[in-house]
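Got your viewer open? Get ready to select residues by number, and let's take a walk through this protein together.

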Amino acid sequence: MIYPTGRAVVLIALGAPIAALLAAIIPALWAIGAAWAAMLILLLVLDGLIAAKLDEVQLIAPKMAEIGAPLNMQVSASFSGVMNPRTVDAQLGVDGRLAEDGRIEFALNRAAKASGDFSGLAVANPIRRGTGELDRLWLRWRGPLGLAWRQSTKQSEQSVAIVPNISAVRSPTVQMFLRDSIFGLLARKFRGEGSEFEALAEYQPGMDRRSIDWKGSARHSKLLAKEYDTERNNQIVFALDSGSAMCEPIDGLPRIDRAVSAALLTAYITLKSGDKTSLFSFAAKPELSTPFLAGSRNFHRLQSEAATIDYRHQESNYTLALSTLASRLKRRSLIIIFTDFTDPTAADLMLEAAARLIDKHLVLFVVLEDMELAGIINSVPETARDVSRSVTAQSLLDQKKMVVTRLQHMGIDVIEGAHDVIGTRLINSYLKIKRRGAL
């Protein structure tokens, strides 16, 4: 396809006032304007015909990317002809998961001075999980005179699987923790922690005095203490609310994606610790329910399953979801629920459903701090509308605090924090539960 550049349009338009001026002076010269436009159109067509021809174009994109992480893509093109273009512009149509406006732009530069090969890079930031389809790729370049654009299109059949972000798992802090942790890769017995009795040992200074076995000490005429083995094969369930409240964004990404990242970070630790881990998601009804998996080799499977958790703009049905989850659990488990409290009625139903769980299971709630509400409350109001927004935000925050307080009165631990620290806090809570032997 050949079409005029901005320069050609301006030059053709200039012919009209010039022709009008000349015609006002000498009427016979009106044809100069028409000749001017015809000449430029002829040059425009000639410029497009002698422009370089596209030989080959290639789009290089990874098959998988993490939500919120930079996604690098490259376009390479080769041209033939008498005169190579100076620069080449490219634009790729993409799914809304990869870019909000549905397009990614590239600026292709020449690889070598006398070469007809061009390449360019672009960085996208995936904003939603799922399969991001790559649509058509448009390339355009100017002719030697700069009057005509030459354009070519190519249909791309590629796609990018956008999965949950697990960059925190690869962080040096977590890797150092796993290296130094007692929950490492070696199959060893670790005594002194947990609640499973392992053996009697002679009491040494520094041991917990509550572990002294007085009957055994009297029988053997020396002070003996009980040693315990760290529990393994506990059942850990990450229950993720994917309803409308969790689809609201926090710092550019939906709450559910922040929750999935924190859940996977903790799941990596639970699998390394030898515990069985499962994912469960719900909205208006239960959706995802994975079997209990053990061993770090299954972490990739958990990540793939978490990528299928969809965004549901529906009210969450806590009663149905938690009762369904309870019916599937055959033994005592640690249930970690990621949710958000917005509607007081839904919060009351959630409290009733959680109360039925704590009779048999250990329940932990994870709530993300709403930085937007805090920003509205802390900002200085300038108009009556600002005051109204601040009062409403404070009311919503007070309702959330009330629900958190009621959960704590029921004996349920609640972890609340910003999205960038909630994963670390959840890991610490999990390890405290392991040390206490609460499961």
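What follows is a tour in several stops, each with something to select and something to look at. Keep in mind as you go that this is a predicted model.

**Stop 1: strands E2, E4 and E7**

Select residues 53–60, which make up strand E2, and then residues 71–80, which make up strand E4. These two run antiparallel, and seven bridges join them. For one example of how they line up, click on Leu54: opposite, in E4, stands Phe79.

Now add residues 117–124, strand E7. E4 and E7 also run antiparallel, joined by eight bridges. Pick Gln74 this time, and look across to E7, where its bridge partner is Leu121.

**Stop 2: strand E5 and its two partners**

Next, select residues 88–94 to bring up strand E5. How many of its seven residues are buried? Five are, so you can call this strand mostly covered.

Add residues 103–110, strand E6, which pairs with E5 in the antiparallel sense over six bridges. Then add residues 130–142, strand E8, which also runs antiparallel to E5 and is joined to it by five bridges. Gln91 is a good residue to highlight here: it stands opposite Glu105 in E6, and it stands opposite Trp138 in E8.

While you are in E5, click on Val94. Is Val94 buried or exposed? Its relative accessible area is 11%, and buried means under 20%, so Val94 counts as buried. Leave out the neighbours within four places in sequence, and Val94 is in contact with Ala99, Gly102, Arg103, Ile104, Glu133, Leu134 and Asp135. For a sense of scale, draw a line from the C-alpha of Val94 to the C-alpha of Met402: the two residues are 308 apart in sequence and 44 Å apart in space.

**Stop 3: a six-stranded sheet**

Now move to an open sheet of six strands, in the order E17-E16-E13-E18-E19-E20, with mixed pairing. Which strands stand at the edges? They are E17 (286–289) and E20 (413–417); each has a single partner strand, so one side of each has no neighbour in the sheet. Turn the view and compare neighbouring strands: on average they are turned by 20 degrees against each other, ignoring direction.

Select residues 384–409 to see helix H10 packing on this sheet. H10 touches strand E19 (362–368) and E20, and its direction makes about 150 degrees with that of E20.

Two more strands of the sheet deserve a selection: E13 (residues 235–241) and E16 (residues 276–282). They pair in the parallel sense over seven bridges. One pair to look for is Asp241 with its bridge partner in E16, Phe282.

Stay in E13 and click on Ala239. Its relative accessible area is 0%, so it is buried. Which residues does Ala239 touch, not counting those up to four places away in sequence? Show Phe280, Phe282, Leu325, Ile335, Ile336, Ile337 and Phe338, and you have them.

**Stop 4: the cavities**

Time to look for empty space. A search of the whole structure turns up two cavities of 30 Å³ or more. The largest cavity has a volume of about 90 Å³. Of the 14 residues that line it, show the ones closest to its centre: Glu315, Tyr318, Asp340, Thr342 and Ala346.

Then select residues 344–357, helix H8, which gives three residues to the lining of the largest cavity, the largest share. Colour that lining by class and you get six nonpolar, four polar and four charged residues.

**Stop 5: Ile427 in helix H11**

Select residues 422–436 for helix H11, and find Ile427 in it. Ile427 has 9% relative accessibility, so it counts as buried. Beyond its neighbours within four places in sequence, it is in contact with Leu265, Thr266 and Ile269.

**Stop 6: Asp251 in a loop**

Finish at Asp251, in the loop between strand E14 (249–250) and strand E15 (253–254). Buried or exposed, what would you guess for Asp251? Exposed: its relative accessible area is 61%. Check the backbone here too. Most residues other than glycine have a negative phi. Asp251 is not a glycine, yet its phi is positive, near 55 degrees.

Conventions:
Residues numbered from 1 in each chain as written. Predicted model: local features only at pLDDT ≥ 70, side-chain atom pairs only at ≥ 80, totals over all residues. Heavy atoms only, no water. Helix = DSSP H or I, 4+ residues; strand = E, 2+ residues; numbered from the N terminus. Buried < 20%, exposed > 50% of the residue type's maximum accessible area, 1.4 Å probe, protein only. Pairing = 2+ DSSP bridges. 1 Å grid on protein atoms, 1.4 Å probe; cavity = no way out; pocket = protein on both sides within 12 Å on 5 of 7 lines; lining within 4 Å. Points joined across faces, edges and corners; volume = space filled by probe spheres on them. Nonpolar A, V, L, I, M, F, W, Y, C, P; charged D, E, K, R; others polar. Axes fitted to C-alpha atoms, helices over the stretch in contact; angles between N-to-C directions. Contact = heavy atoms within 4.5 Å.
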